[in-house]
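Student: I have just opened this structure and would like to learn how its features get their names. Could you walk me through the reasoning?

Tutor: Gladly; let us look at it together.

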Amino acid sequence: MKPSIPRLAAFVSALLLALSLLPVWPGAYYLVLTYFVGITAVVMVVRAQETRSQPWMMAWIVIAVLYNPIAPLRLPPPLYEMLNVICGSLFVICARRFRL
């Protein structure tokens, strides 16, 4: 099976979110992370809408707002770590479930 661009983006986002848990990254990494995860979440909103999956669509909209690079939310680091784990898991689940 040839991987599609949304599937690759979902797996790369999951990998970036997992790597963000390491405390060795400069601030620019988190900026790139925010852009990539935010854009991938918007792609997932479109894919969820195509499959008529309302719960997934709402979840991806929330993630797109949380990882919005234009007006970023300032949350405490422990909360961001928890969000990164949850969002990374959702990217992997969605990529496998929807056969992107």
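Tutor: Let us start with a term: contact means heavy atoms within 4.5 Å. Keep in mind that this is a predicted model. The buried residues of α3 pack against α2 (27-50) and α4 (77-97).

Student: Which residues of α3 are buried?

Tutor: They are Trp56, Met57, Trp60, Ile63, Ala64 and Leu66. Buried means under 20% relative accessible area.

Student: How do you know that the span of α3 fits a helix of 13 residues?

Tutor: Helix α3 covers residues 54-66 and reaches 19 Å from its first C-alpha to its last. The expected value at 1.5 Å a residue is 18 Å, and the span is close to that.

Student: Why is the contact of glutamate 50 with arginine 47 called a salt bridge?

Tutor: The closest N and O atoms of the two residues are 3.5 Å apart. The cut-off is 4 Å, so the pair qualifies as a salt bridge. A search of the whole structure finds 1 salt bridge.

Student: What separates glutamate 50 and arginine 47 along helix α2?

Tutor: They are 3 residues apart, which means about one helical turn lies between them. In general, an α-helix has 3.6 residues a turn, so residues three or four places apart point the same way.

Student: What makes glutamate 50 and arginine 47 partly exposed?

Tutor: Partly exposed lies between 20% and 50% relative accessible area. Glutamate 50 has 47% and arginine 47 has 27%, so both belong in that class.

Student: How many aromatic pairs does the structure hold?

Tutor: The structure holds 4 aromatic pairs. One of them joins tyrosine 29 and tyrosine 30, at 5.5 Å centre to centre with 85 degrees between the planes.

Student: Why is the pair of tyrosine 29 and tyrosine 30 called edge-to-face?

Tutor: Edge-to-face needs planes over 60 degrees apart, and this pair has 85 degrees, so the name fits. Tyrosine 29 is buried at 13% relative accessibility, whereas tyrosine 30 is partly exposed at 31%.

Student: What makes the pair of tyrosine 67 and tyrosine 80 tilted?

Tutor: Their planes are 55 degrees apart, neither under 30 nor over 60, so the pair counts as tilted. Tyrosine 67 sits in the loop between α3 and α4, and tyrosine 80 in helix α4, 13 residues apart.

Student: Is tyrosine 67 buried or exposed?

Tutor: Its relative accessible area is 2%, under the 20% cut-off, so tyrosine 67 is buried. Tyrosine 80, at 23%, counts as partly exposed.

Student: Which residues do ring pairs link into a cluster?

Tutor: Ring pairs link Trp56, Trp60 and Phe91.

Key: Residues numbered from 1 in each chain as written. Predicted model: local features only at pLDDT ≥ 70, side-chain atom pairs only at ≥ 80, totals over all residues. Heavy atoms only, no water. Helix = DSSP H or I, 4+ residues; strand = E, 2+ residues; numbered from the N terminus. Expected span 1.5 Å × (residues − 1). Buried < 20%, exposed > 50% of the residue type's maximum accessible area, 1.4 Å probe, protein only. Salt bridge = Lys/Arg side-chain N within 4 Å of Asp/Glu carboxyl O. Phe/Tyr/Trp six-rings, centres within 6.5 Å; stacked < 30°, edge-to-face > 60°.
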